[in-house]
Amino acid sequence: MYKKIFLSILIIICLSGCSLIPNNTDNSSKQTEAEQYVKAVWITYYELSGFTQDSTEQEFKKKVNKAFKQLKAKGFNRVTVQVRPYADAFYKSSVFPVSAYCFKEQGADMLFDPLEIMTSSAHKYNLSIEAWINPYRVSRKNDFSDLSKDNKALEWKGTENVIVCDSGIYFNPASEAVTALIAEGVKEIAQNYDVDAICFDDYFYPASDESLDKASYNAYKESGGEKQLSDWRRDNVSNMVKSVYSTIKSVNENIIFGISPASNVDNNYNSLYADVEKWCQESGYVDYICPQIYFGFQNENQPFMKTAKSWAQMADCTLYVGLPLYKAEKEDEFAGNDGKREFINNNNIIARQVIYLSKISKVKGYYVFSYSSLKDNDETKNLYSAMQNSSQ
């Protein structure tokens with residue numbers, strides 16, 4: 001009796017075109033990646049240039065495959081690659097010029113597509129891949145001399161779309177044209193590359209000097225704006241973030257968007273004009289936040305555990321934590337008397353941080369800075385052991 005009923009149900013299911021086996025589409029795969037405990041490593045533009053410069057396409061593929069295979073074997077499951085460091089591109093772009101750091105011959109055409117190759121390689125080794133972008137930063141110089149002829153900032157030289165200050169050249173966050181350019185560039189990546197995530201780092205307003213964007217602010221006031229300069233600046237950045245978020249989701253809602261700000265919330269708010277609390281508490285800004293908690297346990301200003309706990313209490317979105325492997329075996333200059341030799345006297349700080357984070361339910365992973373810091377030393381060996389043996 002029961003066997004007949006079961007067979008009847010099975011026949012109905014088959015005739016309706018349904019399957020008892022789940023459909024493992026690319027989208028469901030990406031959702032699984034988004035939900036997993038993330039163990040990521042940042043790969044900077046200067047580290048990438050070591051792969052791209054002086055390499056043929058086949059040589060680059062070989063280097064990337066070797067690196068990603070090793071990262072997977074050590075326990076990482078995400079690579080975050082810096083593909084737009086200075087209003088330029090480590091990928092084929094119609095919006096930004098080829099990065100001067102990408103190929104040895106500056107101004108060269110795109111000899112091959114690093115991001116396409118890295119995306120394919122990452123997925124080959126079951127790593128998720130994230131495109132890391134600096135939205136506003138244009139150049140470390142302030143004289144436009146190192147910009148290629150097709151850089152948008154060069155076209156905008158002398159206009160309110162760019163800011164020139166001691167630290168270099170930046171796009172002006174007050175400019176609607178700038179916000180549109182950033183969103184367009186992100187849309188291009190989301191449409192053309194099978195990336196799993198897109199990340200912005202901690203560069204927003206380059207300084208707090210009132211003269212920085214005086215003309216733009218005066219125009220805002222003359223048009224009837226009533227906000228104070230600091231609030232207006234924060235709105236400019238938040239509007240850009242919200243625009244980028246909606247742009248990404250309009251292309252592919254499964255692509256994750258996050259920001260990795262500096263860990264000092266007050267400094268973000270008052271100096272960089274980055275309202276990180278708003279972004280990680282209100283919908284429509286980010287999927288995740290990853291503060292760069294680049295401190296040891298004995299840091300006198302921002303001890304690691306206290307800082308991590310404060311972010312866990314504040315964030316309503318997914319929370320990751322950036323870890324400072326680059327400080328291994330070095331003096332931590334601004335950590336105070338108790339903390340300045342912590343990374344010299346100990347070889348398991350990052351490992352202990354990994355273990356500590358695994359016990360905070362709100363934290364869903366960590367990002368190690370950076371790839372070239374994964375050296376053959378005890379700190380790195382202890383990190384690998386903690387990655388393999390922690391509860392996550």
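# Notebook: barrel, helix α3 and aromatic pairs

I began with β3, which is mostly covered, six of its six residues being buried. Buried here means under 20% relative accessible area, exposed over 50%, and partly exposed in between, with a 1.4 Å probe and protein chains only. Helices (H or I, at least four residues) and strands (E, at least two) are DSSP runs, numbered from the N terminus.

Before going on, a note on the source. This is a predicted model, where local features need pLDDT of at least 70 and side-chain atom pairs count only at pLDDT 80 or more, while totals for chains, interfaces and linings use all residues. Residues are numbered from 1 along each chain as its sequence is written, and side-chain values use heavy atoms, with hydrogens and water left out.

**Entry: the barrel and β3**

I checked both faces of β3. Ser128, Glu130 and Trp132 are buried on one side, and Ile129, Ala131 and Ile133 are buried on the other. As a reminder to myself, side chains in a regular strand alternate between the two faces of the sheet.

Next I traced the sheet. I got a closed barrel of eight strands with parallel pairing, in the order β1-β2-β3-β7-β8-β9-β10-β11. Two strands pair if DSSP finds at least two bridges between them. β2 and β3 (residues 128–133) run parallel and are joined by six bridges. Val79 has Ile129 in β3 as its bridge partner, and Gln82 has Trp132 in β3. On to β7: β3 pairs with β7 in the parallel sense over four bridges, and there Trp132 stands opposite Cys199.

**Entry: helix α3**

How many of the eight residues of α3 are buried? Six are, so α3 is largely enclosed by the rest of the structure. I listed the buried ones: Tyr45, Glu47, Leu48, Ser49, Phe51 and Thr52. They pack against β1 (38–43), α4 (57–74), β2 (78–84), α5 (114–124) and β4 (137–139). Contact means heavy atoms within 4.5 Å.

Just after α3 comes Asp54, with a positive phi near 65 degrees.

**Entry: aromatic pairs**

I searched the whole structure and got 27 aromatic pairs. Rings of Phe, Tyr and Trp (its six-membered ring) pair if their centres lie within 6.5 Å; planes under 30 degrees apart count as stacked, over 60 as edge-to-face and the rest as tilted.

Why is the pair of Phe51 and Tyr371 tilted? The ring centres are 5.9 Å apart and the planes are at 50 degrees, so Phe51 and Tyr371 form a tilted pair. This pair links distant parts of the chain, 320 residues apart: Phe51 is in helix α3 (residues 45–52), and Tyr371 is in the loop between β11 (363–368) and α16 (378–389). Phe51 is buried at a relative accessible area of 13%, whereas Tyr371 is partly exposed at 22%.

Then I looked at Phe200 and Phe257, an edge-to-face pair with 5.1 Å centre to centre and 85 degrees between the planes. Phe200 sits in strand β7 (residues 197–200) and Phe257 in strand β8 (residues 256–259), 57 residues apart. Phe200 and Phe257 are both buried.

I also noted one aromatic cluster formed by Trp42, Trp132, Tyr288, Tyr294, Tyr320, Tyr326, Tyr367 and Phe369.

**Entry: charges over rings**

My criterion is NZ of Lys or CZ of Arg within 6 Å of the ring centre and within 35 degrees of the ring normal. The charged end of Arg137 sits over the ring of Tyr203, 4.5 Å from its centre. For Arg234 over Tyr269, I have 3.7 Å from the ring centre.

**Entry: nonpolar cores**

I took a nonpolar core as a set of buried Ala, Val, Leu, Ile, Met, Phe, Trp, Tyr and Cys residues joined through side-chain atoms within 4.5 Å. The largest has 112 residues, and those touching the most other members are Phe68, Phe171, Ile189, Ile198, Phe257, Trp279 and Leu357. Helix α9 (residues 229–251) gives the most to this core, with eight residues. Apart from the largest core lies another of 13 residues, among them Ala40, Cys199, Tyr294 and Phe369.

Which residues is Leu357 in contact with, leaving aside its neighbours within four places in sequence? I found Tyr37, Phe304, Ala308, Val321, Leu323, Val363 and Tyr366.

**Entry: Gly168**

Last lookup: Gly168 is in strand β6 (residues 168–171). Gly168 is buried, with a relative accessible area of 0%. Leaving aside neighbours within four places in sequence, Gly168 is in contact with Ser139, Arg140, Lys141, Asn142 and Ile163.
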